Amino acid sequence: ERRVVVVGAGMAGVQTAVALREQGFTGNVTLIGAEPHQPYDRPPLSKAVLLGTADGSAFDVDFDELGITLRLGCEALGVDPGAHVLDTSGGPVPYDALVLATGAEPVRLPGSDGVPGVHLLRTLDDAERLRPVLARQHDVVVVGAGWIGAEFATAAREAGCAVTVVEAADRPLADVLPAEVAAPMTAWYADAGAELRTRARVRRVEPGGPGEPGRVVLDDGTRLPAGAVVVGIGARPATGWLAGSGIALGAHGEVLADDRLRASVPDVHAVGDCASFPSARYGERLLVHHWDNALQGPRTVAADIVDAPGGETAAPYDPVPYFWSEQFGRFVQYAGHHTAADTTLWRGDPSSPAWTVCWLREGRLVALLAVGRPRDLAQGKRLIQAGTAMDPALLADPARPLKAA
Ligand code: FAD
C-alpha cells in the first residue's frame, strides 16, 4: 500500500489528509504534528478564543473515520529524500509521498527571549497564556501594527485593557499595503481607544517586579508600562529542519514548490504557509500566509498524489489569493495581488465605515480590498478570476454593483 506522510497538522496538513480521502486515495495516510493538541484552526486564536467566547477551535474532522493516523507531539527533524525516510522525534518514518505543511513561525523580538511577560500569538498555547492577561485588564504593549497586532489590539480593547501599539514604520500594514490605502486605517486605532505610536522602535523590554508591570523602552527613551507585551512582527516558514536535505528553499526559507506544489526533489510536496509557488496569473512567485491558501492548495497536492506517478493531470495551482481580517469592529477582506497594478480606484470614502479600493492593470481588475463591503469582495474576486475588462467610471461608483462594462 502507498504511504503518504503529511508533516504539520495545521490547516494545510489536515486539509491535505482530508482531500486525499475525498479524492479516493485508499493507501495509508499519516498526519504528523509537533503540537500535542487535537489539530485546530488558527484565525479564532486572535478573536473568539482569545476573548474566551469560544473554548477552542479544533477542526471538526473525524480522523478515525477517515482512516487517517494522527501522530501528535511528534516533531519532524529531517528528511532523506533519496531513501524516502522522514526522521522524527518518534523515530524514522518511511514514505512513498511526503507533504510538507509545517506552516510558519512568528519572528521574535530581538533580545526578548525568555523575558517574562513577552508573548507571541501563533499557537493555542499562546492564546491560552494571553487570555488571563486580557481578563486581568493589564496595560498591554503590542509590537507591530500588522494583521496580528491589529486583531490582538482589538481583542485587548474589547476586554478593557489599555493598549499601546508600537510600529517602526510610519503607518499600519506598511509591508503589505500602499500608503494611501493604509493611511485611513491609522484612525481606526484611535477610534477604538488604542494608542498607535508609529516610527517607534523598541530598544528593550524590562521585566516587572512583584506586583509591578514591566516596561517597554523605545529608541527615543520613552518608557511604556506593560503588564504584557505581544509581539506581532511577522512570520517565517517553519523549515529550519529541512536544512541539508537538498530540498530547495527560497529567500524567506520557504519551500520552493512548482505549479503543482511539488518540491524540488521527487515525491515531496509543499503547501500552506511554508511554501511558495509560481503564479502565472501574477507573473511572480507567491508566498501566501493566509488561511484560504491552506484550504485550496491541499486539493492540488492530493490530486497530484492520487494521479502519480508521473501524472500531469492535476491542474496548475494558480489561485486568486484571498484573506480577511476582523479589526476594530470592521470586516476587512482582500482578494488578488496588487503589486503590478497601474491604477487605483476608490469606491466610497475611506473615512466612512464601508469602502473598497480596486487595483487595475491594463483595464482589468487584479486586486481589491473591501472594508465592510463583502458583496464587492465576492463580485470582485470573480472578476479578477475571469480577467474581465472593466469600465473605471462604473467601478468608482459605490452605489452600483461591481461588474464588468
Ligand atoms: P500552520 O497553521 O502554522 O500549521 C503548521 C503546523 O505544523 C503547526 O501546528 C506546527 O506546530 C506544525 N509543525 C511545524 N514544524 C513542524 C515539525 N518540524 N514537525 C511537526 N510539526 C511541525 N488568515 C486569514 O486569512 N484570516 C485570518 O483572520 C487569520 N487570522 C489568523 C490569526 C492568527 C492568530 C494566526 C496565527 C494566523 C491567522 N491567519 C489568518 C493565518 C492562517 O491561520 C494561516 O495562514 C494558516 O494557519 C496556515 O496553515 P498551515 O497549515 O500552512 O500552517
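User: What makes up the shell around the ligand by class?

Analyst: Happy to start there: in this predicted model, the shell around the ligand has 20 nonpolar, eleven polar and six charged residues. Gly counts as polar in this scheme.

User: How many residues surround the ligand, and which are the closest?

Analyst: The ligand is surrounded by 37 residues, with Gly8, Gly10, Arg42, Gly103 and Gly272 the closest. Two or more shell residues come from each of helix H1 (11–22), strand S2 (28–33), helix H6 (291–307) and strand S22 (322–327).

User: Where does the ligand lie with respect to domain 1 and domain 2, and how do you know?

Analyst: Residues of the shell come from domain 1 (3–105 + 235–307) and also from domain 2 (108–231), so the ligand lies between these two domains. The domain assignment of the chain also lists domain 3 (329–395). As for spacing, 30 Å separates the C-alpha centres of domain 2 and domain 3.

User: H1 and H6 came up for the shell. What describes how they pack?

Analyst: Two numbers do the job here, because a packed helix pair is described by the angle between the axes and the distance between them. For H1 and H6, the angle is about 40° and the axes are 8 Å apart. The crossing of H1 past H6 is right-handed.

User: Which residues of H1 and H6 meet?

Analyst: A pair counts as in contact when the C-beta atoms lie within 7 Å. On the H1 side, the residues are Met11, Ala12, Gln15, Thr16, Ala19 and Leu20. They meet Trp291, Ala294, Leu295, Gly297, Pro298, Arg299, Val301, Ala302 and Ile305 of H6. By class, this contact has eleven nonpolar, three polar and one charged residues.

User: Now the sheets. Why do S4 and S6 stand at the edges?

Analyst: The strands follow the order S4-S5-S6 in an open sheet of three, paired antiparallel. Strand S4 (76–80) and strand S6 (91–94) each have a single partner strand, so each has one side without a neighbour in the sheet, and that makes them edges. From one strand to the next, the twist averages 25°.

User: What makes S4 and S5 a pair?

Analyst: The test is at least two bridges between the strands. S4 and strand S5 (residues 85–88) are joined by four bridges and run antiparallel, and they therefore pass that test. As one example, Gly78 has Asp87 in S5 as its bridge partner.

User: Why are S13 and S15 placed at the edges of their sheet?

Analyst: This open sheet has three strands in the order S13-S14-S15, with antiparallel pairing. Strand S13 (202–206) and strand S15 (223–226) have a single partner strand each, so one side of each lacks a neighbour in the sheet. Here the twist averages 20° from one strand to the next.

User: How many bridges join S14 to S15, and how many join S13 to S14?

Analyst: Strand S14 (residues 214–218) has four bridges to S15, and S13 has four to S14. Both links meet the requirement of at least two bridges, which means that each counts as a pair. In S15, Pro225 stands opposite Arg215, while Arg204 has Val217 in S14 as its bridge partner.

User: Which residue takes a positive phi in the hairpin of S14 and S15?

Analyst: That residue is Gly221, with a positive phi near 95° in a hairpin that has four residues between the strands.

Note on methods. Residues numbered from 1 in each chain as written. Predicted model: local features only at pLDDT ≥ 70, side-chain atom pairs only at ≥ 80, totals over all residues. Near = placed C-beta within 6 Å. Domains from an automatic or database assignment. Axes fitted to C-alpha atoms, helices over the stretch in contact; angles between N-to-C directions. Left-handed = near helix turned anticlockwise from the far one by under 90°. Contact = placed C-beta atoms within 7 Å.
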